[in-house]
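Let's walk through this structure together, beginning with a pair of aromatic rings and working outwards to the fold as a whole. Please have the viewer open as you read.

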Amino acid sequence: MARRIPKFSRLNFKRLLYCFLFLFGCGGVLWVVHFFADQPTKDRIEGFTLDAMDVMRESSFTPKEMVWLLDQVADAVPLTVGRITDASAYLKDNAYVLGGLPESPARPLVRLKNDAYLVGYDEERRNPAWVAFRLPEPKFAEAAPRPESFSEDRRLRARVEHRDFSGSGYDRGHLAPNHAVALCFGPAAQEQTFLLSNICPQFPAFNQVTWKSLEDRVFNRYVRRYHEVWCVVGPVFEQPATAKHLRGGIVVPDAFYAILADRWDDPQASLRTLSFLIPHRDVAEEDLSRFIVSIETLERKTGLNFFPGLPVATQKAIEEKPAPRLW
């Protein structure tokens, strides 16, 4: 799959030229210093440069022409690209996941299929253990209005209801994201994200800031730059003996994880991943780089086996070390 090249049709070419000359001047100085530096200094220069670029790309004051140029530069830096693993022989086209659906050796899960996502549901905890979905380039200009309430999933014995969350102090937190699914797959798929089998209890600050910042980054940055992104997300339960429960036996997670996968276009090496373990706190926390972990860490925390369709050696190459930084 070829990497998507953003279109120029909406860019102001005069402003693009000015931005290019500005970056060329600044980058030329950094390139000279970087060229003659030792490897640790080169790594620090790359890290500092990418941090500064991230700040500029996130700012609402940065012209879109500059953001476009910075994206091209960032995706040419090995530290941003991260580790790419040769898994091309084992990756099959799938609407939901790369490398096989998560397996749960220790806990029985009910698998649920929806138009835009799959769920591995834990009926005992009244929570999804994992939700897997692919986000392609958006096909719809606007999302349909949100449904007024969440729906019970009648495919399950654990009949979680909308009112089970009422007055609890917790939001009904989407795992398959409402907005991105609406723009990528349309109103029917969007409505299915309001099934309570796609919902975990989340503190309001966590849901509305921390988790939302991850959803926005994936959809607004990664999908538009990389054509499509595969995601597996879910809760983590670390203290089952002292876990808080909502009405109906819904267990409140201690943390949440997310695994992002992208097929890079190098024919010799096709898969890269970025994974997070984010503590579930009643505070707003936007610096996602603090929560990058290895997939092995997530497997220990969740008891799940990710990428089971890949050979053991390939899994190890993907899972044993965290990504060096945010894409």
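Start with two residues: phenylalanine 206 is buried, and tryptophan 211 is buried as well. Keep in mind that what you are looking at is a predicted model. A search of the whole structure for aromatic pairs turns up 11 of them. In the pair formed by phenylalanine 206 and tryptophan 211, the ring centres are 6.0 Å apart and the planes meet at 20°, so this pair is stacked. Planes under 30 degrees apart count as stacked.

Aromatic rings also gather elsewhere. Tyr222, Tyr226, Trp264 and Trp327 form a cluster, linked by ring pairs. Tryptophan 327 has a charged companion too: arginine 272 lies over the face of its ring, 4.0 Å from the ring centre. You can find a similar arrangement at phenylalanine 219, where the charged end of arginine 224 sits over the ring at 5.0 Å from its centre.

Now zoom out to the chain. It holds 9 helices and 8 strands. Its C-alpha atoms fill a box of roughly 65 × 45 × 35 Å along the principal axes. The radius of gyration is 21 Å, which agrees with the value near 20 Å that a compact globule of 327 residues would have. Of those 327 residues, 50% count as buried. The chain exposes about 16,300 Å², and 55% of that area comes from carbon and sulfur atoms. Many contacts reach across the sequence: among those between residues at least 6 apart, 71% join residues at least 24 apart.

Tryptophan 130 gives you a good view of such contacts. You will find tryptophan 130 in strand β3, which covers residues 127–135. How much of tryptophan 130 is accessible? Its relative accessible area is 2%, so tryptophan 130 is buried. Beyond its neighbours within four places in sequence, tryptophan 130 is in contact with residues including Leu101, Leu109, Val119, Val232, Tyr257 and Leu304. Leucine 304 is 174 residues away along the chain from tryptophan 130, yet their C-alpha atoms are separated by 8.9 Å.

Tyrosine 257, one of the contacts of tryptophan 130, takes us to another pair of strands. Strand β7 (residues 255–263) pairs with β8 in the antiparallel sense over 9 bridges, and tyrosine 257 stands opposite leucine 277 in β8. Strand β8 itself, residues 271–279, is mostly covered, with 8 of its 9 residues buried.

From here, move on to helix α8, residues 295–302. Its buried residues are Ile295, Thr297, Leu298, Glu299 and Thr302. Their cover includes β6 (229–236), β7, β8 and α9 (312–319). After α8 comes glycine 303, with a positive phi near 75°.

Finally, take a look at two backbone outliers. Most residues other than glycine have a negative phi. Phenylalanine 307, in the loop between α8 and α9, has a positive phi of about 55° although it is not a glycine. Is phenylalanine 307 buried or exposed? With a relative accessible area of 6%, phenylalanine 307 is buried. Arginine 126, which is not a glycine either, has a positive phi of about 60°. Arginine 126 is found in the loop between β2 (117–122) and β3, and is partly exposed, with a relative accessible area of 27%.

Key:
Residues are numbered from 1 along each chain as its sequence is written. This is a predicted model: local features need pLDDT of at least 70, side-chain atom pairs count only at pLDDT 80 or more; totals for chains, interfaces and linings use all residues. Side-chain values use heavy atoms; hydrogens and water are left out. Rings of Phe, Tyr and Trp (its six-membered ring) pair if their centres lie within 6.5 Å; planes under 30 degrees apart count as stacked, over 60 as edge-to-face and the rest as tilted. Buried means under 20% relative accessible area, exposed over 50%, partly exposed in between (1.4 Å probe, protein chains only). A charge sits over a ring if NZ of Lys or CZ of Arg is within 6 Å of the ring centre and within 35 degrees of the ring normal. Helices (H or I, at least four residues) and strands (E, at least two) are DSSP runs, numbered from the N terminus. The radius of gyration is taken over C-alpha atoms; the globule rule is 2.2 Å times the number of residues to the power 0.38. Contact means heavy atoms within 4.5 Å. Accessible areas come from the Shrake-Rupley method with a 1.4 Å probe; for residues, only the protein chains shown count as cover. Two strands pair if DSSP finds at least two bridges between them.
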